Each structure stands twice: as structure tokens, then as C-alpha cells.
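Colleague: Hey, got a minute to walk me through this one?

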Amino acid sequence: MMETYGLTKHFKDVRAVDGIDLNVAPGELVALLGPNGAGKSTTLRMLTTLIPPTSGTARVAGFDVVRQQREVRMRIGYIGQGNGAGHSQRGRDELISQGRAYGLGVRSARARAATLIESLGLGEVADRRVSSLSGGQRRRLDIAMGLIHEPGLLFLDEPSTGLDPQNRANLQEHILDLRARHETTIVLTTHYLDEADSMAERVIVIDHGRIIADDTPAQLKAEHVGDRIILGFDHETDAASAAAAVARFDPERQDTRLTIRTQGAPRRVPEILDDLRTLGNPATEVEVVRPTLDDVFLKLTGRSLREGGTADSRELVEV
Ligand SMILES: Nc1ncnc2c1ncn2[C@@H]1O[C@H](COP(=O)(O)OP(=O)(O)OP(=O)(O)O)[C@@H](O)[C@H]1O
């Protein structure tokens, strides 16, 4: 569906995108995840023919983004960071005009608009002026605009930035639903870790214009970080003898706590607790800490991607 070789964009002395090799197969939902200024939008803008690369090549939907811009544009949808839809028009009319601009006849533009209004849950607001829509509704209208010509490939630049959590969840649901119904290939950028984690089966982590990781969220977490089991004891001496009992897991001890790094922690916990009980050193607390994509980013770059909020998904169990 799309391949790039050494895709690069320099703005004077800024290397915004620095040699990206990327291959996206039909039907994939790929999230480009990275901090502000990582080069995500610039990558998307090159792939959608809005700006030319400084060097390297990209073929999108089978066409070259520099030499065959028109062919690329007819086959993709692009929803940038700003709101594309005008304000004084009604949503439905905006959609129909957009369809006409892509060469659809009046009847097919109307029919296509009606289908998208339904699939994006815009039925109740489509005949209102765009200026009266909420942020989430407007964003969904933007997505409908990007899909009016039935592109096989949709690029979404930070689709949910600026939305409240409820609207964000709602938009994510609509995107997943569209994809399930139309098998659209989707490439989106985000700096929300949870969004990349829950929506995409493939996450590409970008930093300083380069790809630093590319895999499923689960594989990225397992490969780069792994789980931790934290065991709590009443006394330091208990923790010390427990450390000897579970030495095969190579635990780290800090005061009354032991930390075991392992894969598949929830499956290991019963065995470890049994061992400790049998040896007369039962733990009084156990915590399983599963990694997040932020932990992956931190491990790979030494910096955090997080913008407040908790990163760990923890399960605390009294035993
Ligand atoms: N038109 C431009 N002129 C000069 N520098 C630019 C231009 N566009 C982007 N940059 C720079 O290129 C780098 C990458 O920017 P880009 O917008 O691609 O990052 P991003 O990952 O999309 O960030 P964000 O999450 O904030 O949207 C940044 O340092 C940015 O300041």
C-alpha cells in the first residue's frame, strides 16, 4: 500500500525527517508515535504530496509522491491537524461539495455523504452549520470529508488532539468501525500512548526524524521492557531470605521489597507465591507492573513521552 526508502526532509538546518524506510501493507492500522517535533506530521505531509522530500522516495497506493501527485491524491484521504470543514456551510453540503471536487456526480456525492453521515454517527447534526458542531463532531466530519472519494488509504494527523476523553474514545471507536467495515488502510500520528496502544496493531516510534522501533505494542513492551513482579514483606530479614528462595528469578532487593523482572508476570505469580509460602517466607503484598509504550520509549531514548497521568498499569493484590 505504501513504501518509503530513505525518506528525508530538511528545513534549513533542521533534520525533520531523517531517512525513513517504511512499508505498510493493505489493511494495516499503523500509529506513528513520537514526542512533539519528532517528524510525524512532516512524514505525513510528504506521503500526502503536500511537501516534497529533500531526498529519498515514497510510493503511496502504487504511485510516486513527487512525480505522480495527482494519482496519489485521488487514492488517499488526508485529515490534517486543523479543521478542514468550512464554518458557515451545513455539514452535509460540505461533504457533497467535497465529493463533487473529487469528480463524483451529484447523486453519488449525495449517496456517499449519506453513508458516511450514518457510519460516523453524524445523523443528528449533519444538517446544522459546521460552526455549531462540537469539537468531536467536527473532527468526525473532517474524517468523513477525507473519506468521501472512498480512498483505500487514510492518513490522520493527530485525530484526537484537543478532544476531551469521552469524545476521544468515541472518535477512536468510529475510526475502528470504519476500518472494520471498509478495510481502509490507516496511518495515524499521535502522541497519546494509550491511543497508539489500544488502536494500532503496529506502532512505529519516531524520534528526531528516525524510526527507533516498529512492532506490535505487545511485542515492543515484551522485547524492550518486560513485566515486573514486586513482592512486599514485613521485615527486611524476610525479604532477604525470600530473595534466596526465589534466587532462580534473579530478584533485586530494596529494603522490604523484592523486584523480579520476567515475561508473562501474571502467570508466574502463583508459582512464586507458592514457593515463598512453602519455604515459610510468604509475601504480604504483591504488585504486577506491566510496561507501557512510554516505558519502551524511555528504555530506547532515556526520555519520557508522557504528558502527565500515570504510565504504569498496576494490579495490586493483598495476599
Ligand atoms: N515548515 C517548517 N519550517 C521549518 N521547520 C519545520 C517546518 N515544519 C516542521 N519543522 C520542524 O521539523 C521538526 C519536525 O516537525 P513535525 O511537525 O513533523 O513534528 P511532529 O512529530 O509532527 O510534532 P507534533 O507532535 O508537535 O505535531 C520540528 O523541529 C519542526 O519545528
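**Helices, a loop and a sheet**

Colleague: Is the crossing of α3 past α5 left-handed or right-handed?

Modeller: Right-handed: that's how α3 passes α5 (the near helix is turned clockwise from the far one by less than a right angle; anticlockwise would be left-handed). Elements here are DSSP runs numbered from the N terminus, helices being H or I of at least four residues and strands E of at least two. Bear in mind that this is a predicted model, where local features need pLDDT of at least 70, side-chain atom pairs count only at pLDDT 80 or more, and totals for chains, interfaces and linings use all residues. Residue numbers start from 1 along each chain as its sequence is written.

Colleague: What angle do α3 and α5 pack at?

Modeller: About 20°, with the axes 9 Å apart (lines fitted to C-alpha atoms, for helices over the stretch in contact, with angles of 0 to 180 degrees between N-to-C directions). So α3, residues 91-101, is roughly parallel to α5 (under 35 degrees).

Colleague: And which residues make that contact?

Modeller: On α3 you've got Gly 91, Glu 94, Leu 95 and Gln 98, and on α5 Leu 141, Ala 144 and Met 145. Contact means C-beta atoms, placed from the backbone, within 7 Å.

Colleague: Does α5 touch the sheet anywhere, and if so, where?

Modeller: Let me start with the strands. The open sheet has six, ordered β6-β7-β8-β3-β9-β10, and its pairing is mixed (a pair needs at least two DSSP bridges). β6 (76-79) and β10 (210-215) each have a single partner strand, so one side of each has no neighbour in the sheet. From one strand to the next, the twist averages 15°.

Colleague: How many bridges join β6 to β7?

Modeller: Four, and the two strands run parallel. For instance, Ile 76 has Leu 153 in β7 as its bridge partner. Back to your α5 question: residues 135-147 pack on the sheet, touching β6 and β7, and the helix makes about 155° with the direction of β6.

Colleague: What lies across β3 and β9?

Modeller: Helix α1 (residues 40-47), which also lies across β7 and β8 and runs at about 150° to β7.

Colleague: New topic: is Val 225 buried or exposed?

Modeller: Buried, because Val 225 has 21 C-beta neighbours inside 10 Å (20 or more is buried, 12 or fewer exposed, in between partly exposed). Val 225 sits in the loop between α8 and β11.

Colleague: Which residues is Val 225 in contact with?

Modeller: Skipping neighbours within four places in sequence, Pro 291, Asp 295, Val 296 and Lys 299. Arg 110, by contrast, is 50 Å from Val 225, C-alpha to C-alpha, and 115 residues apart in sequence.

Note on methods
Two residues are in contact if their C-beta atoms, placed from the backbone, lie within 7 Å. Angles under 35 degrees count as roughly parallel, over 145 as roughly antiparallel, 65 to 115 as roughly perpendicular and the rest as oblique.
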